[in-house]
Amino acid sequence: MNQISTPCYVCEEALLEKNLKILDYVQEQSGAKIILALKGFAMWSTFDLAAKYLKGCTASGLYEAKLAREEFCKYNPNAEVHTYSPAYKEDDIEEIAKISNHIVFNSPNQLQKYIWKIKEINPNIHISLRVNPEVSSSPVDIYNPCGLYSRLGTTLQNFDEKVLEHIDGLNFHALCEQNVNALEKVLAVFEEKFAKYFTNLQYINFGGGHHITKKGYDVEKLIWIIKEFRKKYNVDVYLEPGEAVGWETGYLVSTVLDVFENGMNVAILDTSAEAHMPDTLAMPYRAQVRNAGMANEKKYTYRLGGNTCLAGDIMGDYSFDTPLHVGDTVIFEDQIHYTFVKNTTFNGVKLPSLVIKRKNGKLELIKKFGYEDYKNRLS
C-alpha cells in the first residue's frame with residue numbers, strides 16, 4: 001500500500017466476487033435476472049468478473065448505456081442493456097435505441113413521444129414504463145423516489161391505459177439500502193394498484209435498493225417472494241442493485257497532511273468528503289475509519305477534514321489509540337459504491353486513483369488521474 005500514492009480507492013477482487021456469487025445464487029434459486037445499476041458501481045475494469053455472474057446492466061442515460069454496451073457486453077455478448085431516464089433528449093434517443101435491449105420511460109408522455117421512432121430504429125427493443133407505487137420506507141427524503149411530488153415514475157392516477165398496447169413490462173423503484181421486509185410492503189401496494197395491468201406483460205422490474213449482500217439480509221425470503229410473484233403472474237422478474245454489488249468490497253486510502261489544534265485536534269487529509277465521499281454529506285452518514293472509534297472512545301480524538309476550502313468538508317470526529325502524525329495513513333471503509341461515480345474536481349482537488357487488489361494479493365493500479373482530468377472538464 002505504501003507504494004501507491006494517495007488518495008486512492010482500492011477494490012478487492014475477492015470481496016467483489018463474494019457479492020456477485022450471492023447475487024448469482026438469488027438468480028439461480030428464484031429465476032430472477034439481476035442486472036448491475038451503473039449509477040452505483042461503474043468500475044468497468046471489473047466487468048470481466050461481473051459479467052460472469054450478472055445478466056447485464058441498467059443505465060441512467062446514454063453514456064452509461066454506451067459503457068455497458070462497450071465494456072460489459074464485451075465479456076458477455078448476451079448481456080442485456082436496460083436504459084432509463086426521467087426524460088430523454090432528441091439528441092440521444094436514436095443512439096440509446098440502437099444500443100439498448102430495454103428502454104424504460106418515466107411517463108406516458110415520453111413513451112408516446114418516442115415509441116414509433118425507437119421501434120423503427122430497433123424493432124426488437126423491449127418497452128417498459130416506470131410506475132410510482134407512492135409508498136416507501138426510504139430512510140431519507142433525498143433518496144426516496146416515492147416521496148411527495150416525486151418526479152420519478154407514473155402514479156396510478158396518471159397511468160394512461162393506452163400505453164398497454166406498447167409495453168412489455170413495468171418498473172418500480174422504492175428502496176434504499178433496505179432489507180426484504182421493506183420490499184414485501186412495497187410489493188403489496190404495487191400489486192394492489194397495478195396488478196390489473198399485468199395480464200399481457202413479459203416482466204416486472206423490482207428496481208434497486210435491495211441490500212442483498214449486507215450481513216443479515218434475508219436472502220431466502222427474497223427468493224421465496226420472487227418465486228411466488230413469478231408463479232402468480234407468469235412474468236419474469238428483474239432486480240437492479242448497485243450498492244449490493246460494491247457493498248464492503250473496498251476502501252478509500254488517504255494520507256494525513258497536517259495536524260493542529262483549534263479547540264480540539266484537527267487532521268487535514270489529502271482526500272475530501274465533498275469531492276470524494278459525497279454521500280457522507282448528502283445522506284448524511286458517518287464513514288467507518290479503520291482502527292478508529294467514536295469521538296473520545298479511544299485516547300486521541302481528531303476532527304478529520306478534507307483538503308478543500310469548503311468549511312463543511314469534514315468527515316467527522318474519530319478517536320485513535322495512538323496520535324496521528326503527518327504522513328500517517330487513514331482508511332475509510334466501504335467506499336466503492338456510490339463514491340467514485342459521484343466524484344468531482346471541486347477546488348481542483350486531485351481525483352483518487354483506482355486500484356484493484358487481485359485475488360493473489362497484488363495491488364494493481366488501474367487508473368491515475370492528473371491535471372488534465374481537471375482541465376478537460378473546464379473551458
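Contact here means heavy atoms within 4.5 Å. The model is predicted.

**Stop 1: helix 1**

Select residues 13–30. This is helix 1, with 18 residues. From its first C-alpha to its last it reaches 26 Å, close to the 26 Å expected at 1.5 Å a residue.

Now show the side chains. Which residues of helix 1 are buried? They are Glu 13, Leu 16, Glu 17, Asn 19, Leu 20, Leu 23, Asp 24, Val 26, Gln 27 and Ser 30.

Next, bring up what covers them. The cover includes strand 1 (8–12), strand 2 (33–34) and helix 2 (47–50). It also includes helix 7 (219–233), helix 8 (243–246) and strand 17 (353–357).

Step past the end of the helix. Gly 31 follows helix 1, and its phi is positive, near 85°.

**Stop 2: helix 3 and the loop after it**

Select 62–72 for helix 3. Its buried residues are Leu 62, Ala 65, Leu 67, Ala 68, Glu 71 and Phe 72. Helix 2, strand 4 (56–59), strand 5 and helix 4 (90–99) are among the elements that cover them.

Move on to Asn 76, in the loop between helix 3 and strand 5 (80–84). Is Asn 76 buried or exposed? Asn 76 counts as buried, because its relative accessibility is 18% and the cut-off is under 20%. Leaving aside neighbours within four places in sequence, Asn 76 is in contact with Ala 51 and Leu 54.

**Stop 3: the second largest pocket**

Display the second largest pocket. About 600 Å³ of space lies in it. Of the 18 residues that line this pocket, the closest to its centre are Ala 42, Trp 44, Phe 340, Leu 354 and Phe 369. Select those five residues to find the spot.

Which elements give two or more residues to the lining? They are helix 3 and strand 18 (363–367). Colour the lining by class: 13 residues are nonpolar, 2 are polar and 3 are charged.

**Stop 4: strand 17 at Ser 353**

Ser 353 is found in strand 17. Ser 353 is buried because its relative accessible area is 1%, against a cut-off of under 20%.

Show its contacts, skipping neighbours within four places in sequence. Ser 353 is in contact with Pro 7, Cys 8 and Tyr 9. Leu 365, Lys 367, Lys 368 and Phe 369 are also in contact with Ser 353.

Then draw a distance from Ser 353 to Lys 33. The two are 320 residues apart along the chain, and their C-alpha atoms are separated by 32 Å.

**Stop 5: the nonpolar cores**

In soluble globular proteins, nonpolar side chains tend to be buried together. Here the largest nonpolar core has 99 residues. Which of them touch the most other members? Select Leu 170, Ile 204, Phe 206, Phe 229, Leu 304 and Phe 332.

Centre on Leu 170. Beyond its neighbours within four places in sequence, Leu 170 is in contact with Ser 128, Leu 129, Val 131, Phe 159 and Phe 194. Its other contacts are Phe 198, Leu 201, Tyr 203, Ile 204 and Asn 205.

A second, separate core has 7 residues, including Ile 4, Cys 8, Val 10 and Ile 331.

**Stop 6: backbone exceptions**

Most residues other than glycine have a negative phi, and most peptide bonds are trans. Four places to check follow.

- Thr 6 to Pro 7: this peptide bond is cis, with omega near 0°. Pro 7 lies in the segment before strand 1.
- Met 283 to Pro 284: a cis peptide bond joins them, with omega about -15°. Pro 284 is in the loop between helix 10 (279–282) and strand 13 (293–294).
- Asp 334: phi is positive, near 50°. Asp 334 lies in the loop between strand 16 (329–333) and strand 17. Asp 334 is buried, with a relative accessible area of 15%.
- Asn 347: phi is positive, near 70°. Asn 347 is in the loop between strand 16 and strand 17. At 41% relative accessibility, Asn 347 counts as partly exposed.

**Last stop: helix 11**

Select residues 371–375 for helix 11, where Lys 375 is found. Lys 375 is partly exposed, at 43% relative accessibility. Finish with a distance to Thr 345. Lys 375 and Thr 345 are 30 residues apart along the chain, with their C-alpha atoms separated by 9.3 Å.

Methods
Residues are numbered from 1 along each chain as its sequence is written. This is a predicted model: local features need pLDDT of at least 70, side-chain atom pairs count only at pLDDT 80 or more; totals for chains, interfaces and linings use all residues. Side-chain values use heavy atoms; hydrogens and water are left out. On a 1 Å grid over the protein atoms alone, a cavity is a set of points where a 1.4 Å probe fits but cannot get out, and a pocket is an open set with protein on both sides within 12 Å along at least five of seven lines; lining residues have an atom within 4 Å of a point. Grid points are joined across faces, edges and corners, and a volume is the space filled by probe spheres set on the points. Helices (H or I, at least four residues) and strands (E, at least two) are DSSP runs, numbered from the N terminus. Ala, Val, Leu, Ile, Met, Phe, Trp, Tyr, Cys and Pro count as nonpolar, Asp, Glu, Lys and Arg as charged, and the others, Gly among them, as polar. The expected span of a helix is 1.5 Å times one less than its number of residues. Buried means under 20% relative accessible area, exposed over 50%, partly exposed in between (1.4 Å probe, protein chains only). A nonpolar core is a set of buried Ala, Val, Leu, Ile, Met, Phe, Trp, Tyr and Cys residues joined through side-chain atoms within 4.5 Å.
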